[in-house]
Structures are given as structure tokens and as C-alpha cells.
Amino acid sequence: MDKPVTPRAAAPGPRRRDRHGRGMRGPIAPPQVPLAASRAEAFADLVQDSVERLERRWPQLADIDFLVLEVPRLDGPGQAWNDEAVPLGGTVSAREGRPARVVVYRRPVEIRTKGRDERAALVHEVVVEQVAELLGLTPETVDPRYGEDQG
């Protein structure tokens with residue numbers, strides 16, 4: 001008479017294979033491929049590309065911090081949203097040993113764009129406008145191609 005087969009004891013730890021012999025697969029794309037970058041990382045890369053483009057013409061931009069924040073925040077108690085559009089970017093003047101800052105708000109920009117090219121154009125437009133505000137110049141002076149259809 002045959003002995004009954006007892007199920008194997010499951011090894012401690014995460015299960016490596018499902019009941020069909022298939023298991024977890026590797027990543028969809030290697031880390032150096034843009035597909036592996038998060039949306040936030042890809043957005044930060046767009047801002048960095050725009051800054052690098054402008055730094056060729058304006059070397060003083062190396063002294064400005066460029067930040068990406070998810071959304072704009074209300075800075076004080078009692079402040080409320082108004083009927084104006086949500087800002088896409090902002091500036092903070094240099095003070096107390098801290099450099100000037102240009103901030104680009106990721107979510108409002110993403111909501112207003114459909115594809116990567118459109119997003120890159122809007123990010124550049126926002127960066128140019130904020131740099132112009134900090135430097136006291138017109139956006140057209142900061143980037144002569146400002147306002148041209150980038151598409």
C-alpha cells in the first residue's frame with residue numbers, strides 16, 4: 001500500500017512562485033530607462049533640462065535654487081483659496097544667507113498638459129517666467145524663444 005503524500009511545508013518568507021509555477025518577474029525596464037523613472041523624477045528632469053538651457057545664457061542662475069513641489073500651499077492662517085487660477089510656479093527672494101528660489105508646482109502643470117512634449121514646453125515657460133521675475137526682466141529677455149509655439 002502506498003503511503004499518502006503529505007504536502008511540503010511552506011518555506012518561511014515570501015512566496016516565490018504561484019501555483020502555476022510562475023513567479024515574480026524582474027522589473028519592466030532597467031533603471032536607466034526613462035520608463036523606470038517615477039513621474040516626480042521625470043518632472044524634475046524636465047525642470048533641470050529647462051534650467052540647463054537657460055544657464056548657458058544666464059550663468060548667474062547657478063546661484064538660484066530650483067525646486068519642484070507637488071502643489072502650492074497656503075502660507076498663513078486665515079488665507080483661503082480665491083477664484084484665481086492655481087499658480088504653476090513661484091519665487092522666493094534671497095535672504096539671510098539663503099539663495100533665491102524658483103519653485104515649479106508639479107501637479108498643476110501635469111493637470112494642464114497631455115503629453116511629455118507639452119509638459120516640457122509648459123515647464124520651460126514657467127521656469128522662464130519665474131527667472132524673469134527674480135531678475136527683474138521680461139520673459140522674452142530671459143529666453144528670446146519665449147511665447148513661440150514649441151510644438
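# A tour from the charged patch to the salt-bridge network

At 45% relative accessibility, Glu 41 counts as partly exposed, because that class covers values between 20% and 50%. Bear in mind from the outset that the model is predicted. With Glu 41 selected, extend the selection along helix H1, which spans residues 39-55 and contains this residue; then add Asp 45, Asp 49 and Glu 52, which together with Glu 41 form a patch of negative charge on the surface.

Now zoom out to the whole chain and colour by secondary structure. The protein chain has 4 helices and 3 strands, and from the N terminus on these elements follow the order α-β-β-β-α-α-α. Of its 151 residues, 24% are buried.

Select Glu 70 next, in the loop between strand E1 (65-69) and E2, and display its side chain together with that of Arg 106, with which it meets in a salt bridge at 2.7 Å, N to O. This pair links distant parts of the chain, since Arg 106 belongs to helix H2 and stands 36 residues from Glu 70. The two partners can also be compared by exposure: Glu 70 is partly exposed, with a relative accessible area of 40%, whereas Arg 106 is buried at 9%.

Keep Arg 106 on display and add Glu 110, whose side chain meets that of Arg 106 in a salt bridge of 2.9 Å, N to O. Because they are 4 residues apart in helix H2, Arg 106 and Glu 110 are separated by about one helical turn. Glu 110 is also buried, with a relative accessible area of 9%, and it forms a salt bridge with Arg 107, the closest N and O atoms being 2.9 Å apart. Arg 107, by contrast, is partly exposed, with a relative accessible area of 28%. Adding Arg 39 to the selection completes one network, in which salt bridges that share partners join Arg 39, Glu 70, Arg 106, Arg 107 and Glu 110.

From there, move to Thr 113, in the loop between helix H2 (106-111) and helix H3 (116-135). Thr 113 is buried, with a relative accessible area of 8%, and its side chain makes a polar contact of 3.2 Å with the side chain of Arg 119.

End at Glu 96, in the loop between strand E2 (89-92) and strand E3 (101-105). Glu 96 is exposed, with a relative accessible area of 77%, and its backbone deserves a check, its phi being near 45°, a positive value in a residue other than glycine. Most residues other than glycine have a negative phi.

Key
Residues numbered from 1 in each chain as written. Predicted model: local features only at pLDDT ≥ 70, side-chain atom pairs only at ≥ 80, totals over all residues. Heavy atoms only, no water. Patch = residues over 30% accessible without salt bridge, like charges linked within 9 Å, V, L, I, M, F, W, Y side chains within 5 Å. Areas by Shrake-Rupley, 256 points an atom, 1.4 Å probe, with all protein chains shown as cover. Salt bridge = Lys/Arg side-chain N within 4 Å of Asp/Glu carboxyl O. Lys, Arg positive; Asp, Glu negative; His and termini not counted. Charge placed at Lys NZ, Arg CZ, Asp CG, Glu CD. Helix = DSSP H or I, 4+ residues; strand = E, 2+ residues; numbered from the N terminus. Buried < 20%, exposed > 50% of the residue type's maximum accessible area, 1.4 Å probe, protein only. Polar contact = N/O pair within 3.5 Å; in protein donor to acceptor, adjacent residues only side chain to side chain.
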